[in-house]
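Here is my note on the model you sent round. The points are numbered so that each can be taken up separately.

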Amino acid sequence: MKDLVVIGGGPGGYVAAIRAAQLGMKVALIEKDELGGTCLNRGCIPTKAYYQNAAVLRTLGHLAEYNINTGPGFDFDMSGAYDRKQGIVKNLVSGIAGLLKGNGVETIKGVATIASPTEVSVNGEIIETKRILIAAGSISSRPPFPGVELPGVMSSDEILELQTVPKRLTVIGAGVIGLEFACIFKAFGSEVTVIEYLPEVLSVIDKEIAKRMKVYLKRQGITVHTGSAVQSIAQDGEALKLQVETGKGELCVEADTVLVATGRRACIRCVNLDTLGIAVDKRGFIEVNADYQTNIPGIYAIGDVTGGRMLAHVASEEGRVAVERMAGHQAEVAYHAVPSVIFTFPEIATVGITEEEAKAEGIDYRIGKFLFAGNSKAVAMGEQDGLVKVIADDKGTIIGVHILGPHAADLIQAASIMVKSRMNVDDVTTSIHPHPTLGEALLEAVLDVDKRAIHLMPRR
């Protein structure tokens, strides 16, 4: 008899399993594929491995600015980059396996099916358990237009298996996944076109940041069509032809490879919905309460299958909190301070509410901004694009931070603590920030909330 069976070994499942074991539970974790889930095997980590390749290529393209002469040019080996990516993933997967074993978690490879609230079937055997935690994640969804199943039309999983760089890549969807791949493959040498149905790219982030990012995409040579809908994809010899309806009429886009990055849906094959009666919402995601318990006592769910913020770190935090609450601890997820990072060029990172959300909620707010062009470290790095934007309420409490610029993913850590702890502007501005660092841009943006920024010309 187990105290807990976790279905899914991604960032939500394996964190929950380890934390449950730390709390004294007897735990089994079932994973049908590789430990680490989509994030480690087909998402966050392999994409960031390619992102690093892309970042180095972009730096090499600007060597003259650093007074470095290496000769006539350089070659990029996509197959070598693929091997490097695979090696990184393999190493990290083995690390997770070691952590689970070291914490006494029984790991089982196989396809799990929930037979009852106290029984899980895997590999022809039944595991009896007191509780079940579903952490099965999500899978890519494809829109139903004609041609979406043609060879060369890929999901984010499949594009990571390419070992040659497509000459022409069209990305359908200008969300996080779509724009990350657009920037990566542009650096690899592809001609990249992005098609987005909504009026702007990155519709869920602060509009000011999204509009600036669209400019930077075009500056990189990425063609962006917003307010445009793909009607169909057809094979024309070796090329793929996309018929696109835009606000200015119909457009034909030719591509060698098409990436469909239009969303994800819950992976709930392990759940016998008809038999168990687990409630799902109209989108097909599992409904849970504050304890992450479904409507069936003893069956819990976290992460992407619940349809919330589809981020690896959110799944991990929900996994931790869920098992701590099972053990009687007081724990909760700070949903008001969930950081989100987008690895484009430049990077984007955000936490807390956007300016649009502040307006919609009727919050009396103030804004502070600081451009990286005024930050000495950014200037020395030659990465001056972007800004830091801070939103505070009428009492000076920091409620949102949005960063577009160099190392935004690292800078957002401090901002997340500010928002999570509901820090006041004065709490930040009286802390000494080291010089010269990119973090000074965050300090100056916080100072600008009260119009006290030092390295910013007074506004008239």
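**Notes on the model**

1. Lys214 is buried, since its relative accessible area is 14%, and buried stands for values under 20%. The residue belongs to helix α7. The structure is a predicted model, so this holds for the coordinates as predicted.

2. The surroundings of Lys214 can be listed. Neighbours within four places in sequence aside, Lys214 is in contact with Pro199, Glu200, Val201, Val224 and Thr226. Leu202 is twelve residues from Lys214 in sequence, and the two C-alpha atoms are 9.0 Å apart in space.

3. Helix α7 also takes part in a salt bridge. The side chains of Glu208 and Lys369 meet at 2.9 Å, N to O. Glu208 is in helix α7 and Lys369 in strand β21 (residues 365–371), so the pair, 161 residues apart, links distant parts of the chain. Lys369 is partly exposed, with a relative accessible area of 28%.

4. Which residues are linked with Glu208 and Lys369 in a network of salt bridges? The other members are Asp206, Arg212, Glu355 and Lys389. The count of salt bridges in the model comes to 26.

5. A salt bridge joins the side chains of Lys48 and Glu180, at 3.3 Å from N to O. Because Lys48 lies in helix α3 and Glu180 in helix α6 (residues 176–188), this pair ties together parts that are 132 residues apart in sequence. Lys48 counts as partly exposed, at 23% relative accessibility, whereas Glu180 counts as buried, at 8%.

6. Arg168 and Glu254 form a salt bridge through their side chains, with 3.1 Å from N to O. Arg168 lies in strand β10 (residues 168–172) and Glu254 in strand β15 (residues 249–255), so the pair ties together parts that are 86 residues apart in sequence. Glu254 counts as partly exposed, at 37% relative accessibility.

7. The second largest pocket holds about 770 Å³ of space. Its lining is made of 24 residues, and those closest to the centre are Arg58, Thr59, Phe345, Pro346 and Glu383. Helices α3 and α7 (207–219) each supply at least two residues of this lining. The largest share, six residues, comes from α3.

8. How many cavities of 30 Å³ or more does a search of the whole structure find? There is one. The volume of the largest cavity is about 40 Å³. Its lining consists of Ser140, Ser156, Ile177, Val260, Ala261, Thr262, Gly263 and Arg264.

9. On the surface, Val56, Leu60 and Phe74 make a nonpolar patch of about 240 Å². Leu60 is placed in helix α3 (residues 44–60). With a relative accessible area of 31%, Leu60 is partly exposed. A residue needs over 30% to be part of a patch, and the value for Leu60 is 31%.

10. Is Glu65 buried or exposed? Glu65 is exposed, because its relative accessible area is 55% and the term applies over 50%. Glu65 sits in the loop between α3 and α4 (78–102). Asn375 is 310 residues from Glu65 along the chain, and 19 Å separates their C-alpha atoms.

11. Thr429 is in helix α13 (residues 425–429). Thr429 is buried, with a relative accessible area of 17%. Residues up to four places away in sequence not counted, Thr429 touches Leu443, Val446, Leu447 and Arg452.

12. To bring the points on helix α3 together: the helix contains Lys48, which is bridged to Glu180 in helix α6. Helix α3 also contains Leu60, a member of the nonpolar patch with Val56 and Phe74. Six residues of the lining of the second largest pocket come from α3. Helix α7 can be summarised in a similar way. It holds the buried Lys214 and Glu208, the partner of Lys369 in strand β21. Helix α7 supplies at least two residues of the lining of the second largest pocket.

Definitions and conventions:
Residues numbered from 1 in each chain as written. Predicted model: local features only at pLDDT ≥ 70, side-chain atom pairs only at ≥ 80, totals over all residues. Heavy atoms only, no water. Patch = residues over 30% accessible without salt bridge, like charges linked within 9 Å, V, L, I, M, F, W, Y side chains within 5 Å. Areas by Shrake-Rupley, 256 points an atom, 1.4 Å probe, with all protein chains shown as cover. Salt bridge = Lys/Arg side-chain N within 4 Å of Asp/Glu carboxyl O. Helix = DSSP H or I, 4+ residues; strand = E, 2+ residues; numbered from the N terminus. Buried < 20%, exposed > 50% of the residue type's maximum accessible area, 1.4 Å probe, protein only. Contact = heavy atoms within 4.5 Å. 1 Å grid on protein atoms, 1.4 Å probe; cavity = no way out; pocket = protein on both sides within 12 Å on 5 of 7 lines; lining within 4 Å. Points joined across faces, edges and corners; volume = space filled by probe spheres on them.
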